[in-house]
Amino acid sequence: MTTTSVSRWPAWGGLALLPLLTLLAACGGGGGDGGTGEGPAAPPPERLARACTPEAFADLQVPGAVLKTVAPIAAGTHRGQANLPAFCLITASAHPTSRSNINFELWVPEGEAWNGKLVTTGNGGYSPSLSYGDMAYALRQGYATIGGDTGHQTEDMLWGVNNPEKIEDWGSRSINSITVAGKALLDGLRAKPAQRAYYLGCSTGGHQGFAEAQRYPDDFDGIIAGAPGNNRTALNIEFMWRFRSNRPDSVNNVTYLNNTKLQLLTSQAVAACDALDGASDGVIDDPRQCTTAQFNPDALLCAGADAPTCLTADQLNAAKKIYQGPRNPRTNAQLYPGWPVGSESGWGSYMGGTEPTRADFWRYWVFDNPQWNWWTFDFDRDVAYANAKISPLVDQTSTDLSRFKAAGGKLLVYHGWNDPVVSAHDSIGYYERVRTLQGSQADTDAFYRLMLVPGMGHCSGGAGAGTLRADGTLIPLDPSRDLLAAMDRWVEQGQAPDDFVASRVSGGAVQRTRPLCSYPKQAVYSGAGDTNSASSYRCQ
């Protein structure tokens with residue numbers, strides 16, 4: 001957060017000066033004489049910025065972190081990211097516990113190219129890969145930027161076996177650890193702390209953003225969290241439910257719905273509900289309006305043999321179960337929301353092959369059994385067991401954001417309606433629970449915005465206007481067109497992103513623009529004008 005609150009920033013940024021200050025005090029140079037009346041204390045000596053060399057950092061100690069390398073990087077391409085300004089690259093590792101090893105990188109633009117602010121970036125899935133694209137995006141705008149590996153270095157999930165500390169690093173605290181250490185290193189390099197700190201991530205990155213708002217509310221002035229997988233245990237329950245719903249009982253290699261049938265469901269839904277918003281543009285703006293009165297999958301039941309244009313009884317039943325989402329068979333309680341109409345064509349990406357997607361989450365982390373059989377999973381008893389064992393380490397579902405709000409933090413969440421990986425209904429449910437706790441829409445709007453993106457898939461892509469970042473050419477770098485600029489304006493000037501315009505880019509040109517409205521508002525066509533122009537819509 002801002003430098004006005006001591007608790008928000010590391011106290012060791014100038015740690016290397018302590019020996020000098022102690023010496024000055026011993027020689028009478030520290031000001032005063034312990035009450036002898038010799039005059040006011042002298043101001044501390046001005047700190048000097050360090051060079052981007054290992055030698056310049058030899059005296060800097062950062063508690064809970066180990067410095068590895070310091071090197072200047074010339075302008076150009078780095079880590080596959082082109083058109084980067086020259087920057088100082090610092091690599092280090094954070095160690096919040098004795099079993100932790102969270103590697104991270106800090107990129108700081110050279111000289112006056114640094115805008116005085118910081119962006120920490122998130123991750124994807126369970127991968128240790130840094131989000132270099134996000135880091136480059138922030139660096140090009142003048143931000144210092146941080147990215148880390150969440151505390152593990154392999155693509156499998158074996159690193160979590162009998163290691164709850166590493167699971168907790170991944171699921172809850174790695175972003176805090178690298179941000180605290182990164183702020184200290186940045187302060188050591190530039191001899192001044194960042195004026196503002198922001199967070200940027202999607203999917204698991206969105207999950208990490210929620211962990212920050214709920215558990216570490218002083219780390220950031222603003223958090224941008226896309227398609228947040230914060231309800232992690234329940235999300236993995238859905239993946240297993242989806243796998244089992246699409247197969248005969250205890251049969252792994254036979255599926256009911258294939259990509260052709262999933263595409264059929266989406267095309268029929270769009271044909272039935274596209275125009276409900278007044279504009280026929282190939283996108284269902286609000287799938288909640290696409291009820292069975294407009295689109296009823298039962299109408300696709302094959303009258304005879306299976307065919308590409310219809311669904312068999314087994315296929316229809318599988319689709320209905322997936323739309324519904326997992327439920328407790330004893331209480332009928334919803335365990336995770338179902339899927340919006342229009343998202344069907346993407347369901348296959350997380351339908352699983354010969355085993356459910358994220359089976360290792362259950363196999364290794366929950367049940368500690370390499371031979372675990374997903375067909376034995378009980379959606380009542382085993383859910384309770386998982387919630388007790390693993391949820392405290394990985395779930396970010398607390399709706400108490402009072403400390404984050406009190407610290408002045410801003411939370412901007414975006415989610416594609418066509419996301420087949422994390423259900424937009426889950427983001428809506430969380431938002432509404434926060435609003436209930438806040439007491440009013442106005443109290444929620446003061447710090448929290450949810451933007452639902454019609455037609456967008458998981459984090460990006462899809463048939464709608466799903467480009468939310470400026471590129472400086474087709475899409476100008478402006479707070480009304482770029483998420484990071486919008487967040488910075490909200491924090492710095494108090495102007496919420498209620499004028500945001502999303503874009504659809506295709507064939508090297510902007511094909512469509514559309515207002516991105518803050519929930520519960522949505523864009524409504526005015527009835528006149530170009531349906532591909534944002535000016536023809538209003539938020540209401």
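## A tour from disulfides to pockets

Start at C517 and C539: the torsion about their S-S bond is about -85°, so this disulfide is left-handed. C517 sits in the loop between β13 (509–515) and β14 (523–525), while C539 belongs to strand β15 (residues 537–539), so the link ties together parts that are 22 residues apart in sequence. Keep in mind that this is a predicted model. Show the two sulfurs: the S to S distance is 2.0 Å.

Now colour the pair by accessibility. Is C517 buried or exposed? C517 is buried, with a relative accessible area of 5%. C539 comes out at 31% relative accessibility, so it counts as partly exposed.

**Next: the other disulfides**

Select every bonded cysteine. The structure holds 5 disulfides. With those cysteines numbered in sequence order, the pairing reads 1-2, 3-8, 4-5, 6-7, 9-10.

Pick C202 and C459. Their sulfurs are 2.0 Å apart, joined as a disulfide. The S-S torsion here is about -105°, so the link is left-handed. How many residues apart in sequence are the parts that this pair ties together? The answer is 257: C202 lies in strand β8 (residues 196–202), and C459 in the loop between β11 (448–453) and α14 (483–493). C202 has 14% relative accessibility and therefore counts as buried. Remember C459 for a later stop.

Move to C302 and C310. This disulfide has an S to S distance of 1.9 Å. Its torsion about the S-S bond is 90°, which makes the link right-handed. Both C302 and C310 are buried.

**Next: helix α12**

Select residues 424–438. This is helix α12, with 15 residues. From first C-alpha to last, α12 reaches 21 Å, close to the 21 Å expected at 1.5 Å a residue.

Show the side chains and look for the buried positions. In α12 these are A424, D426, S427, I428, G429, Y430, Y431, V434 and Q438. As a guide to reading such a list, an α-helix has 3.6 residues a turn, so residues three or four places apart point the same way.

What covers the buried residues of α12? The cover includes α4 (204–215), α11 (402–406), β10 (410–416), α13 (441–445) and β11. Add those elements to the view. Then step one past the helix, to G439. G439 follows α12 and has a positive phi, near 105°.

**Next: the enclosed spaces**

Switch on a cavity display. Rolling a probe the size of a water molecule over the atoms shows where empty space is left. There are 4 cavities of 30 Å³ or more in the structure.

Go to the largest cavity, with a volume of about 150 Å³. It is lined by 15 residues; L452, P454, K521, Q522 and A523 are the closest to its centre. The lining splits into 9 nonpolar, 1 polar and 5 charged residues.

Then centre on the second largest cavity. Its volume is about 60 Å³. To see its lining, select V283, V453, P454, G464, A465, A502, R512, R514 and L516. By class that gives 6 nonpolar, 1 polar and 2 charged residues. P454 appears in this lining and in that of the largest cavity.

**Next: the largest pocket**

Switch from cavities to pockets. The largest pocket has a volume of about 420 Å³. Which of its 25 lining residues are the closest to its centre? They are C459, S460, G466, T467 and L468. C459 is the disulfide partner of C202 from the earlier stop.

Highlight β8 and β12 (501–506): these are the elements that give two or more residues to the pocket lining. Polar residues number 13 in this lining, alongside 8 nonpolar and 4 charged.

**Last stop: S480**

Select S480, in the loop between β11 and α14. C459 lies in that loop too. Is S480 buried or exposed? At 16% relative accessibility, it counts as buried.

Now display its contacts. Leaving aside neighbours within four places in sequence, S480 touches D499, F500 and V501. Finally, draw a C-alpha to C-alpha distance from S480 to A502. The two are 8.6 Å apart in space and 22 residues apart in sequence. A502 is also one of the residues that line the second largest cavity.

Technical notes:
Residues numbered from 1 in each chain as written. Predicted model: local features only at pLDDT ≥ 70, side-chain atom pairs only at ≥ 80, totals over all residues. Heavy atoms only, no water. Disulfide = S-S within 2.5 Å. Helix = DSSP H or I, 4+ residues; strand = E, 2+ residues; numbered from the N terminus. Buried < 20%, exposed > 50% of the residue type's maximum accessible area, 1.4 Å probe, protein only. Expected span 1.5 Å × (residues − 1). Contact = heavy atoms within 4.5 Å. 1 Å grid on protein atoms, 1.4 Å probe; cavity = no way out; pocket = protein on both sides within 12 Å on 5 of 7 lines; lining within 4 Å. Points joined across faces, edges and corners; volume = space filled by probe spheres on them. Nonpolar A, V, L, I, M, F, W, Y, C, P; charged D, E, K, R; others polar.
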